[in-house]
Amino acid sequence: MTGEKAAKRAVKAPTVQTGPRPPMARSRRMARPRTGEAPEVGALPETTAGPGAPHILIIGGGGTGGALAHDLTLRGLRVTLVERGEVTSGTTGRHHGLLHSGARYATTDRATAIECSAENKILRRICPGSFEENDGLFVAITDEDVAYEKEFLEACWQCAVPTRRLERDEALRAEPGLNPDLRFAIQVPDATMDAMRVPLRFFATARRNGAEIRPFTEVVAMTMSGATVGGVRVRDRAADREYEIGADIVINAAGPWAGRVAVLAGVKVPVVADRGVMVAVRGRHCNMVISRLNAPGDGDIVLPQRAMTVVGTSSRVVDDPDDLTAPADEIAAMLRESSVLVPAVGRAELRAAWSAARPLIGGSGGSGGSGGASGAAGGSRGAADASGRGLVREWRCFDHAADAAPTEGFVTISGGKATTLRAMAEATADVVCRKLGLDRPCQTTDVVLLPHTAWYSA
Amino acid sequence: MSPRAIRPKAAAPIESTAAPTELATTPVESAGPIESTMPIELAEAAGPATAERAGRPNVRFRVSRWNKRLKKAHFDDFDVEVEPGGTVLDALLEIRRRQDPSLVVRHSCMHASCGTCGVRVNDREVLACDAKLADLPAGRPIKVQPLANQRLVADLATDMVDFYARFEPAGMPPVRAAEVGAEIEPPEAVRTFMRFENCIECGLCLSACPVARTNRDYIGPAALAAAARVVDEPRGQELGPVLALAAEPDSVWRCHDAMECTAVCPSAVDPAMAILTLRRHIAADRVRGLLRHGA
């Protein structure tokens, strides 16, 4: 759809699930019983992809790794994914749960906005029943907000994000919890998701299709042959033992930890950890996603989550992605700013305050920064400047064979948003197939994923 | 090899002056600042053995450990510098980061929404991310154990497969119509406001249930609460199979009304009330059936 058409039509009615449960996805391959024991040194998992299929090892069990495992299994490759903790325990599970319409980034990061707009529709299609499809409101309160409208609407129009203007009274009828001093609001097709359960659908479907997913399995070393990565050495924390896994290509999908993983292969990737603090208060004070109609800032988004209301978020670059405290001043700022949008948030009882480390691409420089691979995949986007807010939410796929000091068999995917996990996986799988000389198209835009509960099926 | 002797992971060098301790009970040296900003309750919680340390107070955690190489579980003690307002999960992650990277613990959202970090703290089922250290009794170690009545993966991580095997057949969709502000008129293009179910599938209720402790076949409170949700808001779903599930021998009639499930639920689901509701529905169905046969 063109941006023009999108802007002219009203926000399309999201469909409410009123009938029986959505049908289970039909896997393209037969289910395979899971094996309890990890294979011994050098052994590969037996998959339906066939013993001759190339074996891809993914490091990192976040949304990106899960979506990538799903994509690669659909393309007939053997996949093993290792994660040091539980799946989705790094950055993925911690986000506030916004399924972006793209509106948030329309003025500042057009490429991300366009991609979010497209992925939003795809995810609703392949993850039915996983979203609160209540749309979002960008609320104007101050003169500055009002002045921002023209730029915002124009940017949304250019990014194919449908919008609809609600006058003050109309907005208050829909969301009585809004600040009554609001001037008007712009409705956009934002939605909320369960930050853990949407990615679990990718993991569940990937495993059903033959991927081997190993949580509590931490990479301790790369097995290198000269400048070629041939696999990894891992420590299985649950079985208390170390073993090696061989692979044709190793993919670093470790999010903000990608830099640390890359170092094991002697590679540098320009990923920085950007700490965002979030706050949850008791009570569901709105049904829609409420954002401030202005440039992105701290505490400018309020969204419902079950019987809570979640406020996001701040942006501070930190040295260590494991150093995830939530400073009191940032919590206070978050509550202060969000109260301007939804006053009840400031009066509500605090349920939790936490932080997550976003993986941001810290500049196009550095060895491996060529990202040549993703150029072919149409994936790598944008450049970046130096500070948390200034860094765009781009993602990049680095084929380290294209580095100044080439490393074969090693690819890094990092950056991006939860909303763009599928697109990141598609571009990375394209890179993998190209490296292997395979011509296998992506199928993930249409395969409906298994429900999250399937992740826990025996 | 003892889990204590595992070297720090190479993937993420641990930037800590505190090397992994050789003995589980050896306190870690504190390198914190001199001034304390801790609330008094937290300083007391640290106990006399550790409270005098400079900087943020240390709190002793007694953590249950087990992995596939060990015959039985044991406790390891860790002294952890706690943050003001910190939670049990914060402390567990701090242990994993600075003292023992082999600690296996499940977690994801950090704010009581995903339900993965259920554990028993001082013999009570809680979400570790929701258990504020300031709320725990002072002066004695904080005991952390995995959930009961469920299979163990390792240390504090339980395998949720059995939980979902009971939960899934109830067929509860993850989203429902929002009841808050039901009288409110949604904006154009939004037909009905939707919201996620309260149940976060954490398994605390199953762990706390005294019936589940003695009867492995009992379907358990979470599955029955899910069944009651479907009965409450069927949205086109056929109720016969759901009520049949609830009427099975190891279902609603096994419940002893101990109410432990409702007491520990972190998400206000009230499985105990749900079980009573299901019993009424089943009884009413039977009465209707008898009347039909009598007619």
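In this predicted model, strands E6 and E7 of chain B form a hairpin with two residues between them. Asp155(B) sits in the turn and has a positive phi of about 45°. E6(B) covers residues 151-154 and E7(B) covers residues 157-159. The two strands pair in the antiparallel sense over three bridges. In one of these, Ala154(B) has Ala157(B) in E7(B) as its bridge partner.

**Chain B: overall build**

Chain B has nine helices and nine strands. It holds 295 residues, and 47% of them count as buried. Among its contacts with a separation of 6 or more, 59% link residues 24 or more positions apart.

The chain is divided into domain 1 (3-158) and domain 2 (161-294). Where do the two domains of chain B touch, and with how many residues? Domain 1 brings 15 residues into contact with 15 residues of domain 2. On the domain 1 side, strand E3 (118-121) and strand E4 of chain B each give two or more residues. That side divides into five nonpolar, six polar and four charged residues.

**Chain B: a helix and two loops**

Helix H7 of chain B spans residues 239-247. Its residues Val242(B), Leu245(B) and Ala246(B) are buried. They cover an arc of only 95° around the axis, so they lie on the same side of H7(B).

Pro266(B) lies in the loop between helix H8 (260-264) and helix H9 (271-294) of chain B. Is Pro266(B) buried or exposed? It is buried, because 21 other C-beta atoms lie within 10 Å and the cut-off for burial is 20 or more. Leaving aside residues up to four places away in sequence, Pro266(B) touches Ala112(B), Leu127(B), Asp130(B), Cys202(B) and Leu204(B). Glu125(B) is 141 residues away along the chain, yet the C-alpha atoms of Pro266(B) and Glu125(B) are separated by 9.3 Å.

Ala134(B) belongs to another loop, between strand E4 (124-127) and strand E5 (142-145) of chain B. Ala134(B) counts as partly exposed because it has 17 C-beta neighbours inside 10 Å. Tyr164(B) is 30 residues from Ala134(B) along the chain, and 33 Å separate their C-alpha atoms.

**Chain A: domains and sheet**

The domain assignment splits chain A into domain 1 (55-91 + 197-270 + 362-456) and domain 2 (133-192 + 274-358). The centres of these domains, taken over C-alpha atoms, are 31 Å apart.

An open sheet of six strands runs in the order E9-E2-E1-E13-E21-E20 in chain A. Its pairing is mixed. Strand E9 (212-214) and strand E20 (395-399) are the edge strands, each pairing on one side only. On average, neighbouring strands are turned by 15° against each other, direction ignored. E20(A) and E21(A), residues 410-415, pair in the antiparallel sense over five bridges. Here Arg396(A) has Ser414(A) in E21(A) as its bridge partner.

Helix H2 (residues 63-74) of chain A lies across E1, E2, E9, E13 and E21 of chain A. It runs at about 170° to E2(A).

**Chain A: backbone details**

Two loop residues of chain A have positive phi values:

| Residue | Phi | Loop | C-beta neighbours inside 10 Å |
|---|---|---|---|
| Phe216(A) | about 55° | between E9 and E10 | 26 |
| Arg306(A) | near 50° | between E16 and E17 | 22 |

Phe216(A) is not a glycine, and Arg306(A) is likewise a residue other than glycine. Phe216(A) counts as buried. Arg306(A) counts as buried too.

Which two residues does a cis peptide bond join? They are Gly312(A) and Thr313(A), with omega about -25°. Thr313(A) is found in the loop between strand E17 (308-312) and strand E18 (316-318) of chain A.

**Where the chains meet**

The contact between the chains takes 64 residues from chain A and 59 residues from chain B. On the chain A side, at least two residues each come from strand E6 (164-167), helix H5 (168-174), strand E10 (217-225), helix H7 (258-264), strand E16 (301-305) and strand E19 (350-361). E10(A) supplies the largest share, four residues. The chain A side divides into 28 nonpolar, 15 polar and 21 charged residues.

Conventions:
Residues numbered from 1 in each chain as written. Chains lettered and ligands numbered in written order. Predicted model: local features only at pLDDT ≥ 70, side-chain atom pairs only at ≥ 80, totals over all residues. Contact = placed C-beta atoms within 7 Å. Nonpolar A, V, L, I, M, F, W, Y, C, P; charged D, E, K, R; others polar. Buried ≥ 20, exposed ≤ 12 C-beta atoms within 10 Å, placed from the backbone. Arc of directions from axis to C-beta. Pairing = 2+ DSSP bridges. Axes fitted to C-alpha atoms, helices over the stretch in contact; angles between N-to-C directions. Domains from an automatic or database assignment.
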